[in-house]
Amino acid sequence: MEVRNKIWEEFKQAKANVVCIRRYNSLQRQLNCIYQIFIAVCAAVGTFSFGFSDKIPLIALLSIAVVSLIKAIFPQIIQPEQELCELDGIMDYYNSFMNKLEEFFYELDKEQKTDDEVMGELFTLKEDECKKESKMNKLIRWIPKCMQRKVDAEVQTYIDEVYFNIYRQDEQK
């Protein structure tokens, strides 16, 4: 039974990592988009308003300078797309990791493998996972508490709806 509990805990953590990366990347890409749009709008306003007023181009230029300075001082606010793509790769890894864990459950349910065989394979799988988790922790610079609560709630809802309902239905039959 302890093998199944270990697999289950690893599965829940992997699902939480997938949801967290997805939400984090979405938020970071939105911030990147807003930043790019802001710079483009300020540059356009500054360029096209020169004929109307001398102050508007100066304000637009100062706005661009301030936002660029904030980005330089606080690089965690605007994360490069390359790092977000690396996180996408880690998310893909965790999706395949979850598939492998589900395969372990299947093999145990069908008695195709023993607990010891599955545990050995799980430890081998965990060696790669540790490297990915370390990389993920370096790339995810901050997670607000509200995002963490949403991640936890989404993972719990997923597990309840997909797995617990299936097992409850099997038990009722």
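In this predicted model, a good place to begin is with α3 and helix α4, the latter made of residues 115–139, whose axes come within 10 Å and cross at roughly 165°. Angles over 145 degrees count as roughly antiparallel, and α3 and α4 are therefore roughly antiparallel to each other. The crossing that α3 and α4 make is left-handed.

Between α3 and α4 there is a loop, and Glu 111 is found in this loop. The backbone of Glu 111 deserves a careful look, since Glu 111 has a positive phi of about 55° although it is not a glycine. Glu 111 is also exposed, with a relative accessible area of 70%, and the cut-off behind that word is a value over 50%.

Turning to the other partner of α3, helix α1 covers residues 2–48, and the axes of α1 and α3 come within 9 Å while crossing at roughly 155°. By the cut-off of 145 degrees, α1 and α3 are therefore roughly antiparallel to each other, and the crossing of α1 and α3 is left-handed.

The path then leads to the loop between α2, which spans residues 55–73, and α3, which spans residues 81–109, for this loop holds Phe 74. Phe 74 is partly exposed, with a relative accessible area of 41%, a value that lies between the limits of 20% for buried and 50% for exposed. Phe 74 belongs to a nonpolar patch on the surface, which it forms with Val 66, Leu 69, Ile 70, Ile 73 and Ile 77, and these residues together have about 530 Å² of accessible area.

Notes. Residues are numbered from 1 along each chain as its sequence is written. This is a predicted model: local features need pLDDT of at least 70, side-chain atom pairs count only at pLDDT 80 or more; totals for chains, interfaces and linings use all residues. Side-chain values use heavy atoms; hydrogens and water are left out. Patches are made of residues with over 30% relative accessible area and no salt bridge: like charges are joined within 9 Å, nonpolar side chains (Val, Leu, Ile, Met, Phe, Trp, Tyr) within 5 Å. Accessible areas come from the Shrake-Rupley method with a 1.4 Å probe; for residues, only the protein chains shown count as cover. A salt bridge is a side-chain nitrogen of Lys or Arg within 4 Å of a carboxyl oxygen of Asp or Glu. Helices (H or I, at least four residues) and strands (E, at least two) are DSSP runs, numbered from the N terminus. Buried means under 20% relative accessible area, exposed over 50%, partly exposed in between (1.4 Å probe, protein chains only). Axes are lines fitted to C-alpha atoms, for helices over the stretch in contact, and angles run from 0 to 180 degrees between N-to-C directions. Angles under 35 degrees count as roughly parallel, over 145 as roughly antiparallel, 65 to 115 as roughly perpendicular and the rest as oblique. A crossing is left-handed if the near helix is turned anticlockwise from the far one by less than a right angle, and right-handed if clockwise.
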